[in-house]
Every structure is written in C-alpha cells, then in structure tokens.
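User: Please take a close look at the cysteines in this model, and then carry on from there to the other side-chain contacts that go with such a picture.

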Amino acid sequence: MVYLFFLSSLVTSFLFVSPKNFHAPLQKGVSLFFFALCMYQFCKKKNETPSSHQNRYSNLIPFSIQNQKKILPYLVGISCFCFLLASTVHAYQLTDYFVGSFLFHDADYIGISDILISVWEGKGFESHYYSESINGSYLSHHFAPGMIFLSPFVGLVPNRYGLAVAVFFFYQLATMLWIYWAYRSHERNDSNLSFKFLVLWVVFTNQLYLYRIGSSYHFEILVVVSGFFFFFFWEKCRSLVIRETKQKSQTYIFTLSFLLLSLLFFLSQKEDVGIYLLLFLLPRSLYETYHLLVVKQFRSWKDLSPFQKHPSYGLLIVVVCTSIVYLVYVFFLYPYSNGSNSAFVWSKILRQDYHPFFKQVTSVTQSLQIFIELLVSGGLGILQMLPEFFGIGLVYLTHFFSSRPWHHEVYSYYSYSLVPFLLYSGILWLRSKKEISLPIVCLILSCLFWKNALDQHFPLGIKSKNQWFDQTIQSEVVEDLPRANEILISDSHPIHSQSLKQNPIVFSQYNLSFLITDKTKVYPLEKIEKQNEICRETNICYVVIAPQFTDEKLWPKKRILDLFSTSKPQPYQKIWQGKQIEVWKRMETN
C-alpha cells in the first residue's frame, strides 16, 4: 500500500514532463482508481465481523510491517528528487515557451525584475513601471520589502531570466520544506505508518494552488516559504512552553528570537499578509480566550498574566500585537512619512470594479465550490481542526467579497493568501490525535486528483493551439531582434561616435521589453512623455517599437503610435528599420 502512495506522489512529476493530452486522462484515471478503492474498502469494512475488524487493526496490514516503515524515508526522498528534477525541466520549458511567445510583457515580469535589479544595485525599491513619477518607490504600490530575497537571482542571472529562476527555485524549496516538516512530524508522533502523513505526502507533491503561485513568475511565492518558517518556529515555541524542562529558558529565548524574525520575514512579503494572518488567528484567539476565562474560571486579573501562567496564550498575544503594530506602520505611518495617500490602497483594489468580460465567478454557489476545492487541495484534514477551518474561512471571505476577478477566483498567484495557512493546518492535523480511516483516505485523494484534472492549466502547457500573435509578423520580429539589440549595445550608428559612459535608455512597447538587451535600461513606452527628465541620466535614448506586432484587444496599434507621437516634438530620428522593428534615436540638442 505504501508503494501506491509513492506512485501517487509522482503524478505531478510525470505531468511536468509528459505531453499535454496525457494530463487530464491520467489524473482522472488515478481519481477513479482511488474512488473504486474507497468503495472496496468501505464494503470490506462494512462486512467485517467485530473479531476480524479487531484482528485487522491489531496487525494494521500492511502498515505495521517494519520493512515498509524502514523503506518510507527512501521513497519520500526519491519522490522529492523526482519532483525537483521534473519541475526543473518544466520550469525551463515553460520559461522558454513564454519567452518565445512574447508573453513576458512589461506590466509584471519586467517591472518586478526592474525593481529587483535596483535593489541589487543599491538603489532601493526604485521603480519606473509602478510609479506615476519617473522613478518612485515600489513600496508605495505594494509594501513588499521581503522581495529582496529574489534580488540576488535577478542580479546574477543574465538576460532577465533571474526572476524566473528565483520563482521556481522558491517554489521547489517551499514544496520540499513542507514535505520535510510533515515527515518530521510523522516520525516523532507515529510509531507506525500514518494514514494522515501518506495523504499529506501526496497532497503536497500534487498541490495545484502552490503550483499556481510558483508558475506565476511573481514574488508572492516568498509568502509560502516565509510562512513555513514562521509556523515552524511558532510550533517550536509552543512545544517548548508546554514541556517543562530545566534547560527550557535558554532554548526558549533562542527559539522565540527566531520566531519574531520569521514573523517579520512573513509579514514583509506583502502589505496584506498581516491582515490574513490576523484573520486566520482570530478563531484560535477566541477559542483560547474562552478556554482561559470560562473553562479555567480565573478569580482575579492576576490569573490572566499570560507569560507566567499561560505562556502559550502569551505567545499568541505577542504574534497578534506584533502583526497589528506592523499593519499600523504599513497602512498609516509609512504613507504619512512618505508623503503619499496610499493608506487604503489595499481595500480600494479589492473594491475596484472590472469589465464583466473578466469575471468568471458570478454566484455564491461558484464561490462555495472554490472554497471546497481549496479544502480538498489541503487534504480535507482541516475539517477536523475547527479553529483553523474557521480561520481559513475568514481569509477566504476577502476573496468572496472582492470585485477583483483574479482575487475572487483565487487564481494565479492570488492563492498566496490561503496556501500557507492551508498547509500549516495540514501539519496540525497530522500532529493531532484525530483518526482517519483508509476509505476516507482514498476518497480524499480521489477528490484531489479529480479537481486537478478539471484545471486545464495544471500544469501549464508549453505549446498552445492559440496563437498569441500573427506568426508571420512574430517570425519577422524574431529576425529583427538581433540587429536591433546590436545597435543598442554598440551604439555604432555613424551619427554618434562617442563611447558609452552609461547604459542607454530604451522606451519600448509591452511585448518587446523582455527581449531588449539587458545592457540597456528599459522604460515602458507610456513614460516617453517624461523623456526630458528621464534622458538627463544619459545622452543616449532610444525608442524601439513594432506597431504591427501587438494584441489589438490588449494594446491596439493606435495606442502605440499615439504614445510615440507625443515624442515627435523632440528630435527623434529613425536609425534603423527592420521588417517589423523600428529603432529611433533621440538626437542631442543644444
């Protein structure tokens, strides 16, 4: 039976390296197999006599067999290795596909890369993609100083591939860390093989929502990694205060320090993480408060002293208070000190209205279905952990009431607000004394794989029948790019013979930015209206456009030409015309 769970943990690894047409049939087949096994185990259990039932569970066939217990760490190790290998291949193929399809547009990927390069160069969170000014701070758009951990990848990996490498690295790291914690908890708590661990092993290696964050090429994958460290040290501290040992004091202070650091690491990933953390902890806080006030029936206010008589409750107070102080700083003190009016940006974005074309979830029934699918992706163990269940429910309400389509649908990286709490709840379920039967295990995994099979983008295809751009025009753009980049790098055109002292500045349209050489500083074409201030940094400014190469719905050709026309009063001259790409250079003026 253990080998069956091992093979099930490899399903996503196989999907990463298999053709797209295998994905849905394979997952549906696995789902139907587990459902049939569920029915078989249920009927077998129902027809058992009390004596045979007792005999079966005394032997725990086949889970009490010691060689299966011994082989488990090797199987988990092989499973993790296969996941790392297959996901690395998938990351390479998917990134190559996005680059070849010109889908790394400047709105997100290039913009985030630009910020991280600024951090790496010591310029702080300077951004010209997410700021109305020329080079404003990204922290006024999203307060996410924790994204600094991605900057070494962006600074060291050439040709703007650094963010892709970083995101998939942390996606793999997050998966390995949560599996490691689950296995470690299983080893400490169970003398025999645990059904709950086997479920989580399969769930963590086939986590659809974690994959969505990892394949979004966005920085929110750090929320899952930092969430692991926070909850890991949170549980370490809680276990230390519960156990009464003579050496507890020094170890406890050391662990508490790491807890506070990991909490700041967690909160710093994005301004709204603290809100989600407070919502998640609210039911637990109310439960422990009720237990303290009613069950223990305190007689005086001195009995509420959390650090002396109720250290676990004291930890909760520390985490909640720290989160509140951090949120006050982020939403009120920082905007005030920065001279901006962004204190309520988070709530405004959630209430921002969108065209009905973008909205897929339109009813309470659909929202409830998404919530159930989220619970299935976590192994459904959360249903036995009531405070955590209600906590995740409160977090999900921010999605439910949001008018932002992607947030409402919990799509792409927007699941970052739920995944850390979902995985942590699974760990709590594993560490608890809650029981689960084999038929329920099979039913959970059947639902998991069926849900995954219904998502056409798990995993994302590396070949698409939908052509994003006209293939003839795209092939001509590909042909033009080497020559255009050669001009930008060398500045060898006869009208300028001086050597470069700084990297040239390039204004370019949304779908060309990624493939403009990283030896230049790329600005979005919209910023060309502020070129006089921008081009003070260097005397070398270019415009690189391909008006025919665009998506008429996303960026009409007319918009590209209109944006460029704002620069016509300036002395720009076309210095090269390829089949599609035009290179214009700003001439020096006296």
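Analyst: In this predicted model, a disulfide joins Cys 535 to Cys 541, with the two sulfur atoms 2.1 Å apart. The structure holds 1 disulfide, and both of its partners, Cys 535 and Cys 541, are buried. The torsion about the S-S bond of Cys 535 and Cys 541 is about -125 degrees, so this disulfide is left-handed. Cys 80 is a useful contrast, because its sulfur lies 9.4 Å from the closest cysteine sulfur, that of Cys 82, which is too far for a bond. Cys 80 nevertheless counts as buried, at 12% relative accessibility, and Cys 237 counts as buried as well, at 0%.

From the cysteines one can turn to the aromatic rings, of which the structure holds 64 pairs. Among them is the pair of Phe 104 and Phe 514, which is tilted, with 5.1 Å from centre to centre and 40 degrees between the planes. Phe 104 lies in the loop between α5 (66-100) and α6 (106-120), and Phe 514 in the loop between β3 (505-508) and β4 (521-524), so the pair ties together parts that are 410 residues apart in sequence. Phe 104 counts as buried, at 4% relative accessibility, and Phe 514 likewise counts as buried, at 6%. Another pair is that of Phe 228 and Phe 229, whose ring centres are 5.2 Å apart and whose planes stand at 75 degrees, so this pair is edge-to-face. Phe 228 is buried, with a relative accessible area of 3%, whereas Phe 229 counts as partly exposed, at 31%.

Rings also take part in contacts with charged side chains. The charged end of Lys 28 sits over the ring of Trp 450, 5.4 Å from its centre, and Arg 559 lies over the face of Trp 555, at 3.9 Å from the ring centre.

For charges of opposite sign, the count comes to 13 salt bridges. One of them joins the side chains of Arg 238 and Glu 235, at 3.6 Å from N to O. Arg 238 and Glu 235 are 3 residues apart in helix α11 (residues 221-242), and are therefore separated by about one helical turn. Arg 238 counts as buried, at 18% relative accessibility, and Glu 235 counts as buried too, at 8%. These two residues belong to a network of salt bridges that links Glu 235, Arg 238, Glu 288 and Arg 431.

Glu 479 forms a salt bridge with Lys 579, the closest N and O atoms being 3.1 Å apart. This pair links distant parts of the chain, with Glu 479 in helix α22 (residues 471-490) and Lys 579 in the loop between β6 (572-577) and β7 (582-586), 100 residues apart. Glu 479 is partly exposed, with a relative accessible area of 47%. In a further salt bridge, Glu 121 meets Lys 123, with the closest N and O atoms 3.4 Å apart; Glu 121 is partly exposed, with a relative accessible area of 49%, and Lys 123 is partly exposed, with 44%.

Finally, there is the surface itself, where Ile 324, Val 328, Tyr 329, Phe 332 and Leu 333 make a nonpolar patch of about 440 Å². Of these residues, Tyr 329 lies in helix α15 (residues 311-338) and counts as partly exposed, at 36% relative accessibility.

Methods. Residues are numbered from 1 along each chain as its sequence is written. This is a predicted model: local features need pLDDT of at least 70, side-chain atom pairs count only at pLDDT 80 or more; totals for chains, interfaces and linings use all residues. Side-chain values use heavy atoms; hydrogens and water are left out. Patches are made of residues with over 30% relative accessible area and no salt bridge: like charges are joined within 9 Å, nonpolar side chains (Val, Leu, Ile, Met, Phe, Trp, Tyr) within 5 Å. Accessible areas come from the Shrake-Rupley method with a 1.4 Å probe; for residues, only the protein chains shown count as cover. A salt bridge is a side-chain nitrogen of Lys or Arg within 4 Å of a carboxyl oxygen of Asp or Glu. Helices (H or I, at least four residues) and strands (E, at least two) are DSSP runs, numbered from the N terminus. Buried means under 20% relative accessible area, exposed over 50%, partly exposed in between (1.4 Å probe, protein chains only). A disulfide is a pair of cysteine sulfur atoms within 2.5 Å. Rings of Phe, Tyr and Trp (its six-membered ring) pair if their centres lie within 6.5 Å; planes under 30 degrees apart count as stacked, over 60 as edge-to-face and the rest as tilted. A charge sits over a ring if NZ of Lys or CZ of Arg is within 6 Å of the ring centre and within 35 degrees of the ring normal.
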